[in-house]
Amino acid sequence: MIQKPKGTYDVFDIQGKKIQYLEKLFACLMEKYNYEYMRTPLFESSELFHRGVGDSTDIVTKETYDFIDRGNRNMTLRPEGTAGIVRSFIENKMYGRASSPVKCWYTGPMYRYERPQSGRYREFYQMGVEVFGSPDPIMDAEIISIPVQFFRLLGLKGIKVHLNSLGDQESRKNYKKALLEYFEPHIETLCEDCKNRYQKNPLRILDCKIDKDKDVLRNAPKLKDYLNEESKKHYEAVKKYLEALQIPYIEDPNLVRGLDYYTHTVFEVEANVEGFGSQNVLCGGGRYDGLVETLGGPKTPGVGFALGMERLLTALEYEKIDIIKNQEIDIYVIPLEETIKPYALEITTSLRMNGFITDIDMMNRNIKSNFKQADRLQTKYVILIGSEETKTKTLTIKNNQTKQEYKIKEEQLIQFFDQNIEEDIHETI
Ligand code: HAM
């Protein structure tokens, strides 16, 4: 038997409903925040990620799915969404819009060749947001507030926001110099990867999973001591806005994030599930004021985040939050004879088009097993259609819970269900 690739998974049954619910809720929330939907290709030129995400990151050096296409081009399955969105922002000259900032959201699969483990897949889904054009710290706060409000809407408790500032390019340059000087006498004690990182981007050493508990890392200079006045001002303002939004945060001076494009604010949102480890990180993001320029566009500030769908689902399961409260359907249609089927199908379609979740027997069941099927589907109402009903255009409707029966004229059918079936508002907002 051919099996699915390692680190991937299939979606079916209740999981499919949950995912659709989360995507719908997120889309709904994004509408309220006035963000536009964007979609970019699953694969891009490899160079985009080398320049965008960074040559010294684990993502680019160890985790990309690279291939050469039949036209001999180097291509990469996207390991994250930001670089592609920035490419599209530049290519489609979205910076020319009068209605700045450009605020967009996206969802879709990402690919990283990581060691599969719980909460870590090779194909995983993100929902994310990117904003271009606003350098104001209020924008950073709005970005942080989106996943927090989303998680709150879902009922997740114990959400923690970890916050840090990497400062602007000048602060980063000064800090990089300090790190190079600090690590120089310790190079030999670092792991092989960190020796490379020392050459390419010493900031990455702070994010090393192997060396992270060594004293040499713990005692390294702290970024906050190298922030210039402007960076400090920006960071303080972000914190003030978060306080106004009543979003508690934990300042984490070691939070550098695994991608190279960040400036100023970086953040991660964690769930609080015991034994979850790094899986607790549901979401990460930050500001990237240099990325549009690095990728060939005009100097444009940017800020965004992405959250991991799989980790969110697991956190919801651990907290026993059942997002699919209502699995029942509204109406189940039973044609009693072969010749009735075209009319029954017509009625079914009309009900669906009027907003009712409707199903019809497609298995030629007898009446008894059709009622069993109606119970399995947890339908609210059953419509029985026989030759009499077809002739008189009067339908027999049965409330599947109370078993009460009604005779309703076809033209009053929609009105009847409008009155008797409460609108099932899945959308919490
Ligand atoms: P990231 O931190 O690499 O950031 O990923 C964001 C989220 O995706 C993580 O917090 C996690 O929930 C999920 N995730 C990452 N890798 C995996 C994996 N292998 N399996 C399952 N879930 C995973 C970014 O991707 C940035 N593009 C975020 C961003 C947007 N920054 C600015 N704008």
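**View 1. Helices H12 and H15 make a right-handed crossing.** Let's start with a pair of helices in this predicted model. H12 covers residues 341-353, and H15 covers residues 413-420. Look at how the two pack: their axes are 11 Å apart, and the angle is about 45°. Is that parallel, perpendicular or something else? That angle makes H12 oblique to H15.

**View 2. Helices H5 and H9 also cross, with axes that come within 8 Å.** Find H5 at residues 137-154 and H9 at residues 229-244. Trace the two axes and you'll get a crossing of roughly 45°. That makes H5 oblique to H9. As for handedness, H5 passes H9 in a right-handed crossing.

**View 3. Helix H5 has a crossing with H1 too.** Here the axes come within 11 Å and cross at roughly 130°. H1 and H5 are therefore oblique to each other: angles count as roughly antiparallel when they are over 145 degrees. Which hand does the crossing of H1 and H5 have? It's right-handed.

**View 4. Asp13 in helix H1 has a positive phi.** Stay with H1, which runs over residues 13-32, and zoom in on Asp13. Phi of Asp13 is near 60°, and this residue isn't a glycine. Why give it a close-up? Because most residues other than glycine have a negative phi.

**View 5. Ser100 and Pro101 are joined by a cis peptide bond.** Now take a look at the backbone between these two residues, where omega is about -5°. For background, most peptide bonds are trans. Where does Pro101 sit? You'll find Pro101 in the loop between helix H4 (82-91) and strand S5 (102-111).

**View 6. The ligand has 26 residues around it.** The closest are Glu80, Thr82, Glu114, Glu130 and Tyr262. Sort the shell by class and you get 11 nonpolar, eight polar and seven charged residues. Three strands each supply at least two residues of this shell: S6 (123-132), S10 (281-287) and S11 (302-308). Which element gives the most to the shell? That would be S10, with six residues.

**View 7. Side chains of Thr82, Glu130 and Arg257 reach polar atoms of the ligand.** Begin with Thr82: a polar atom of its side chain lies 2.8 Å from a ligand nitrogen. Next comes Glu130, where an N or O atom in the side chain is 2.8 Å from a nitrogen atom of the ligand. For Arg257, the ligand atom is an oxygen, 2.9 Å from an N or O atom in the side chain. How much of the ligand's accessible area does the protein cover? On its own the ligand has 660 Å² of accessible area, and the protein covers 96% of that.

Technical notes: Residues numbered from 1 in each chain as written. Predicted model: local features only at pLDDT ≥ 70, side-chain atom pairs only at ≥ 80, totals over all residues. Heavy atoms only, no water. Near = heavy atom within 4 Å. Polar contact = N/O pair within 3.5 Å; in protein donor to acceptor, adjacent residues only side chain to side chain. Areas by Shrake-Rupley, 256 points an atom, 1.4 Å probe, with all protein chains shown as cover. Helix = DSSP H or I, 4+ residues; strand = E, 2+ residues; numbered from the N terminus. Nonpolar A, V, L, I, M, F, W, Y, C, P; charged D, E, K, R; others polar. Axes fitted to C-alpha atoms, helices over the stretch in contact; angles between N-to-C directions. Parallel < 35°, antiparallel > 145°, perpendicular 65-115°, else oblique. Left-handed = near helix turned anticlockwise from the far one by under 90°.
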